[in-house]
Amino acid sequence: MDSIKVFAPATVANVACGFDIFGFAVDNPGDEIILHKSTEPGVRIKAIVGDEGRLPKQAERNTAGIAIQSYLKHIGSDQGVEAILHKKMPLGSGLGSSAASAVAGVFAINELMGRPLKQVELLPFAMEGERLACGSAHADNVAPSLMGGFVVIRSYNPLDIITVNTPDQLYATIVHPEIEVNTKDARQILKNEVSMKNTIIQMGNVAGLIAGLMKPDYDLIGRSMVDVIIEPVRAILIPEFNEVKQAALDAGALGCSISGSGPSMFALSRDPETAERIGQSMRSAFRAVGIDSEVYVSGINHEGPRVIG
Ligand code: HSE
């Protein structure tokens, strides 16, 4: 095989209470990458489509490029590669855009090289993309994008990734308001200290959410989608956060919070019609203050990246 086209899904990180440790993949949107083997060693990004010229094409400054480079270095190959990246989701949106590109890149190169590494073993290379994008190698976007499903990062050192079963009838609504939040900035505003009281509340919700997904118990899922540590700080970055959240809950959401570091917000519900209705309600709440937004409705993506050409 000399060339390949791969899709990698967007992701919702944190899932309310699980800062840096929970994330799930969705069916849409997602990024695509086309890789061609070339006889000249090195990784070259020939084109990036859909980024309005904002992403760097130098491989070592691009999340997909650096993931491919660090993978090739690890397997000791000087294979030359040319890449064309199709950004199919907004940048700085809280949808795991940098992660999807890195996952698409590293999954594609592993396939092109004849799959010497298992899928889970690709994670550290995709995490290099995150380190480049926002200065922190968090895995709660790359792990679900790579593995599919709902993922728990039980430990970063050593990496310990767990995939949790989710009910078939669980739908995500993601609403992306047309503002941008830089993940690095959204991490810098967080406090370094957490009170014992809030730690106890958060631990209860983390445990409750996982139990709710596995039982499954939709009410428990909803009750557990509460974040007393990160959301109260970051909510100020999203205009009308409380109104939009309330609109989601009034429309039947089990729970609603910030997707990753925002500004996208997500809600979970138990049927596609409700998920659509929630999206329209959240969109209206943003529009009431003059902010346009895009709505994505999807089940949980269990597949992760896939070869599409
Ligand atoms: N867990 C990360 C954060 C996800 O909230 O900063 C960023 O998409």
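Into which domains is the protein divided? There are two entries to note: domain 1 (3–164 + 302–307) and domain 2 (171–299), with bounds taken from an automatic or database domain assignment. Their C-alpha centres lie 24 Å apart. Domain 1 brings 31 residues to the contact and domain 2 brings 37 residues, where contact means heavy atoms within 4.5 Å.

A word on the model: it is predicted, so local features need pLDDT of at least 70 and side-chain atom pairs count only at pLDDT 80 or more, while totals for chains, interfaces and linings use all residues. Residues are numbered from 1 along each chain as its sequence is written, and side-chain values use heavy atoms, leaving out hydrogens and water.

Now to the ligand. Because both domain 1 and domain 2 give residues to the shell around the ligand, the ligand lies between them. Among the residues that surround the ligand (a heavy atom within 4 Å) are N14, F19, H138, T183 and S261. By class, this shell holds two nonpolar, six polar and four charged residues, with Asp, Glu, Lys and Arg counted as charged.

Here are polar contacts of the ligand (N or O atoms within 3.5 Å):

| Side chain | Ligand atom | Distance |
|---|---|---|
| D20 | nitrogen | 2.5 Å |
| D140 | nitrogen | 2.6 Å |
| R234 | oxygen | 2.7 Å |

Taken alone, the ligand exposes 260 Å², and the protein buries 97% of that (Shrake-Rupley method, 1.4 Å probe).

Key
A polar contact is a pair of N or O atoms within 3.5 Å; within protein, one must be able to donate a hydrogen and the other to accept it, and residues adjacent in sequence count only if both atoms are side-chain atoms.
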